[in-house]
Structures are given as C-alpha cells and as structure tokens.
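Here is a short tour of one protein chain. It starts with the terms, moves to the overall fold, and then visits a few places along the chain.

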Amino acid sequence: MSSPFPKTADKLKGVQILAPIPDRAKHIFNPDALALVATLHRAFQPQRKKLLANRKKQQELRDQGELPDFLPETAYIRDDPTWTGPPLARGLEDRRVEITGPTDRKMVINALNSGVATYMADFEDSLTPAWANLVDGQVNLYDAVRRNLSFESNGKKYTLDQTPGRHIPTLIVRPRGWHLDEKHVLVDGEAVSGGIFDFALYFYNNAREAIAQGFGPYFYLPKMEHHLEAKLWNDIFNHSQDYIGLARGTIRGSVLIETLPAAFQMDEIIYQLRQHIGGLNCGRWDYIFSYIKSLRNHPEFILPDRSQVTMRAPFMSSYVKLLVHTTHKRQVHALGGMAAQIPIKDDQERNRLALENVAKDKLREVSLGCDSCWVAHPALVPVVLKVFNEHMKGPNQINVPPKTEFKEITQRDLLSPFIPDAKITEAGIRANIIIGVSYIEAWLRNIGCVPINYLMEDAATAEVSRTQIWQWVTHGAKTDKGVTITKQYVKKLLEEEYAKLVKGAKAGHKFKQALDYFAPEAAADKYSDFVTTLIYDDVTTIGRAQAAEKL
C-alpha cells in the first residue's frame with residue numbers, strides 16, 4: 001500500500017536553511033526530519049497566524065475595558081463531569097520534583113544526574129534562540145535519549161550516571177511558544193514557527209527511541225492564551241504521530257498556565273488535548289507578566305514590587321487553587337511552580353534562610369494538592385524532595401481528597417490585585433532595572449539563563465521587570481515615599497544603575513545595547529508584546545549572513 005504522504009524530496013522543495021549545519025548535527029537535520037518541519041508548517045501555519053491575530057484582537061478588547069472571564073460558549077465543557085484526560089503515561093506517574101533548564105550539554109548531564117523525577121529541557125525562556133544554541137540543544141537531547149552523554153570542560157569530565165537500578169529523570173522538552181519564529185529556516189520563503197521547528201526535529205529523531213528507553217515523546221507547551229491554541233498543538237500531535245506511524249495518544253503535552261486568559265480556560269485546554277494532556281503547570285513569573293500586560297490599561301490592577309507578589313497574593317492563590325481542582329477533576333497532574341533560588345555559598349546563614357523559604361513554599365504547594373514542583377538548581381533537590389516525600393505518600397495526589405473543601409473561584413478572585421501592606425519602592429524599581437537590563441545583556445551574548453542576586457532569572461522575570469515599570473509610569477503610580485513615578489524619574493534611575501552595571505562588567509559586554517532596548521519600554525515610550533521578539537533579530541544576524549544551504 002502506498003503512503004498517503006508526498007515523497008520526502010517533494011516536501012523539501014522550498015526549504016531553505018540560512019545558517020550552516022555543523023558536521024556533528026548532520027544526523028539531526030536529516031531529510032525526513034526536515035520534511036516533517038515543512039509538512040507541519042504548510043499544514044498549520046495559517047491557523048497559527050490566525051490565532052496570533054486573535055491575541056491582538058483580544059488585547060484590544062481588554063484595553064477597551066472588557067475584562068477576562070470564563071467563556072460562556074464553552075460552559076458545556078466545564079460543566080460536563082464525565083470526561084477526563086488519558087491514563088498517566090510511562091515515566092510521568094510520579095513527577096514530584098522537576099528540574100528545568102536550557103539544553104547545553106553540561107546542564108543536560110547535571111539535570112539527569114540530579115535525582116529528580118523529570119527534567120524539562122528548555123528551548124524557550126531559558127535559552128537564547130541563537131542558531132548554535134538550537135543546534136547544540138537538539139544534538140544534546142538526541143544523545144540524552146540514547147543515554148550517550150559526556151562532556152569535558154577545564155579538565156573536568158561530566159558523564160551520565162547509569163548505575164544499575166538508578167532512576168534517570170524522564171525527559172520533557174519545552175519548544176518555543178506560538179509567537180516566536182525561527183528565521184534561520186524558511187519554507188516557501190516564510191520563516192517557520194519556532195515551536196514547530198523545536199518540536200518536529202526532536203519528535204522525528206527521538207520519539208521511537210524514547211519509547212524504547214521506557215518513556216516517550218513528552219513536551220511542555222508554553223504561553224498559550226486560548227484553548228484553540230491548545231487544539232492547534234493537538235492537531236500537530238495527531239498529524240505527527242500519523243506521519244511516523246505511532247498510535248495517537250503516545251505524545252504527552254503538559255501545559256503551562258502562565259497567561260491570564262488561559263487561567264479562565266483550564267478545562268477547555270485540557271479538553272482540547274484530552275488524548276495527549278499530561279497536566280497543567282503554574283508558571284508563576286510569566287503569569288504575573290501576563291496579568292500586568294493583559295490589564296495594562298486599567299489602573300485598578302497596579303501591582304507592587306515584584307518581591308511582594310508572592311503565591312499568597314489573592315489572584316495568584318486563586319489561580320493555583322483552581323488549577324489543582326480542575327486538573328484533579330480531569331485526572332491529570334497539577335504541576336507546581338518554580339523555586340528559582342541558587343546556593344549562597346559565601347553566606348551560610350543567608351543560604352539557610354533561603355532554603356527554609358523554599359521548603360515553606362513547597363509545603364504550601366503540596367498542601368494545596370500539587371503533584372509536583374519545579375527547581376532551577378540541583379542544590380534545591382534534597383530540600384524539596386524532603387517536603388514532598390513527607391507530605392505526598394503516593395506517586396501523586398490526583399485521587400487524594402483535598403484537605404479543605406473547594407470554594408468556587410470567580411472572575412473577581414482571579415483578578416483581585418489586593419495585597420496587604422503592598423507598596424512600590426525605589427529599591428523595587430532599581431531591582432527591576434538591574435534584572436531587566438542584565439538579562440537582556442546576557443541574552444544578547446546568547447545566554448538565556450542568568451543568576452542575579454542568588455535567583456536564576458530567565459525571560460519571564462525580565463518581562464515582569466520591564467512591564468512593571470511601564471505600568472507604574474503609565475498610570476503615575478507613587479512610591480511608598482510619595483514620589484510619582486515619571487519618565488524622568490525612571491530615566492534617572494536607569495542612568496544610575498547602568499553606570500554601576502558597566503563599572504563592574506567584563507570586556508565585550510553589551511550593556512549599552514541592552515539599555516537601548518530596555519529604557520524606552522520602562523519609560524513607557526513604547527510597549528512591545530515580548531522582549532524576546534523585540535531583540536530576536538540581534539541573535540540571528542550572524543547565522544543568516546552566512547551561506548544559505550538549500551536542500
């Protein structure tokens with residue numbers, strides 16, 4: 001019986017790679033894998049563009065006064081108690097501690113040796129999408145799936161611990177969000193979706209081997225704002241499984257609920273992915289960013305210093321409670337948030353207090369019913385594992401009765417900005433400047449995960465930093481000292497903090513370029529949807545300028 005799909009050679013017509021493929025990655029960019037990239041682009045790019053246009057339309061409505069709410073047209077999905085997600089997949093039954101990080105080789109080895117349940121290998125917020133980073137990441141994950149990993153640096157050798165009987169964390173890959181393009185790869189003259197590119201190369205090259213190793217092709221899906229964006233992923237999953245002859249439902253996708261609109265559509269997102277859903281995750285930093293961005297025209301939703309916007313803030317607490325209730329009702333995992341602390345090696349007392357706070361935060365999550373949580377550094381694993389091992393005796397809490405009766409979460413609960421004793425401080429503004437400018441500077445040097453003040457910062461926290469200052473300037477908010485936050489005031493603080501950053505910087509830094517991007521956003525001269533799309537071209541120039549390779 002002949003294949004219903006066009007031949008590989010026909011699918012590769014019109015495919016261009018505008019960057020060199022190193023010899024070590026030729027096996028990744030094989031014709032059949034690239035043919036899947038092209039096939040998915042041609043089949044689903046129109047819908048992706050339509051959904052991105054809908055985001056802008058919905059933001060315009062919010063700017064005009066229409067607040068996010070539960071969708072009346074999908075009430076039948078929320079109200080139907082009979083449907084659930086699929087049975088838990090192999091390697092995903094117990095996810096009590098998940099480590100996250102970019103896909104550089106050392107990180108991949110350390111993550112898989114860290115003793116966690118799963119590892120989210122990240123092509124999104126903690127990875128600058130420079131061509132070399134993306135290529136290396138795919139090579140490293142190909143080797144990770146095959147348990148063929150080693151790395152040497154400064155005379156030290158890193159290898160994957162394959163002691164018999166030892167659990168190697170289940171690998172979960174996070175492709176880029178729908179808003180990001182991959183401009184190094186064109187299909188019929190158009191840049192492909194970054195998410196489709198990341199997904200298709202990993203899936204085609206690794207799905208069968210992952211199954212042979214005892215897990216499967218598993219993914220984390222970021223930054224969605226509508227349940228139809230989840231349906232798009234589901235359609236891509238089905239198409240891809242059919243393409244290589246895997247049973248539908250083999251793929252699992254865990255969704256980050258990290259935008260305010262998505263919080264009102266949790267049931268619908270699970271429903272759209274109900275054959276493939278792995279769970280919902282509390283993406284707390286992006287969620288704060290989305291809250292500010294979604295409600296940016298409304299002064300009643302101004303938030304205080306980022307340090308005060310904890311998970312105890314009403315709108316944050318309500319969102320977690322609703323997520324746990326919704327996921328467990330649908331028999332899938334409630335995946336907790338990030339602990340971003342990194343060790344404070346030169347101050348034992350500060351380090352002890354930081355770890356105590358991590359333990360308290362994770363106790364809150366497991367007590368609410370979360371089945372897992374995230375950590376950014378291996379040093380946190382013993383602390384967090386201890387909490388979950390003491391308070392979650394089974395592999396998860398999906399069928400464990402909640403400790404308190406669930407109270408219906410309303411629209412107002414998910415929007416309430418009230419935080420007791422909340423205040424905006426000059427120190428908070430300066431902290432946002434330092435984080436925002438420092439992160440952009442590192443990103444421009446192709447580093448997407450940056451330790452700042454003993455916290456691991458990524459694109460999400462940079463987004464919070466610049467969006468908070470924009471909000472404060474736009475609405476003329478006041479500091480706790482009564483100072484109105486104006487453009488002039490912010491520009492003065494920018495100049496002062498920039499001078500400090502430059503003074504302590506190494507040769508070859510890009511702080512001036514970073515400031516040029518950050519300052520107009522913070523001073524409310526303009527507002528970009530995402531800082532990563534704003535500065536993306538700066539990390540593609542070299543790759544695109546080199547010889548194009550036509551297939």
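Buried means under 20% relative accessible area, exposed over 50%, and partly exposed in between, with a 1.4 Å probe and protein chains only. At 5% relative accessibility, Lys 223 counts as buried. This is a predicted model: local features need pLDDT of at least 70, side-chain atom pairs count only at pLDDT 80 or more, and totals for chains, interfaces and linings use all residues. Residues are numbered from 1 along each chain as its sequence is written, and side-chain values use heavy atoms, leaving out hydrogens and water.

**Overall fold**

The chain holds 20 helices and 16 strands. These are DSSP runs numbered from the N terminus: helices are H or I with at least four residues, strands are E with at least two. The chain has a radius of gyration of 23 Å, which agrees with the value near 24 Å for a compact globule of 551 residues. That radius is taken over C-alpha atoms, and the globule rule is 2.2 Å times the number of residues to the power 0.38. Along its principal axes the C-alpha trace spans about 75 × 55 × 50 Å. Of the 551 residues, 58% are buried. Contact means heavy atoms within 4.5 Å. Among contacts between residues at least 6 apart in sequence, 79% join residues at least 24 apart.

**Annotated spans**

UniProt lists two spans in an unreviewed entry. Positions follow the numbering used here, feature names are shortened, and annotations may be inferred rather than shown by experiment.

| UniProt domain | Residues | Helix | Strand | End C-alpha distance |
|---|---|---|---|---|
| Malate synthase N-terminal | 13-76 | 55% | 5% | 44 Å |
| Malate synthase C-terminal | 423-539 | 59% | 5% | 37 Å |

**Helix 6**

Helix 6 runs over residues 194-212. Its 19 residues reach 27 Å from first C-alpha to last, close to the 27 Å expected at 1.5 Å a residue. The expected span is 1.5 Å times one less than the number of residues. A kink of about 55 degrees is centred on Asn 206. The bend at a residue is the angle between axes fitted to the seven residues ending there and the seven starting there. Because 14 of its 19 residues are buried, helix 6 is largely enclosed by the rest of the structure. After helix 6 comes Gly 214, with a positive phi near 105 degrees.

**Two positive phi values**

Most residues other than glycine have a negative phi. Lys 223 has a positive phi near 60 degrees. Lys 223 sits in the loop between strand 9 (218-221) and helix 7 (227-244). Asp 188 has a positive phi of about 55 degrees and is not a glycine either. Asp 188 lies in the loop between strand 7 (181-187) and strand 8 (190-193). At 51% relative accessibility, Asp 188 counts as exposed.

**Arg 55 and Gln 275**

Arg 55 belongs to helix 2 (residues 31-63). Arg 55 is buried, at 8% relative accessible area. Not counting residues up to four places away in sequence, Arg 55 touches several residues, including Lys 223, Trp 178 and Phe 530.

Gln 275 lies in the loop between helix 9 (266-272) and strand 11 (277-282). Gln 275 is partly exposed, with a relative accessible area of 37%. Gln 275 and Pro 86 are 189 residues apart in sequence, yet 5.6 Å apart in space, C-alpha to C-alpha. Leaving aside neighbours within four places in sequence, Gln 275 is in contact with Pro 86, Asn 238, Arg 248, Gly 249 and Arg 252.
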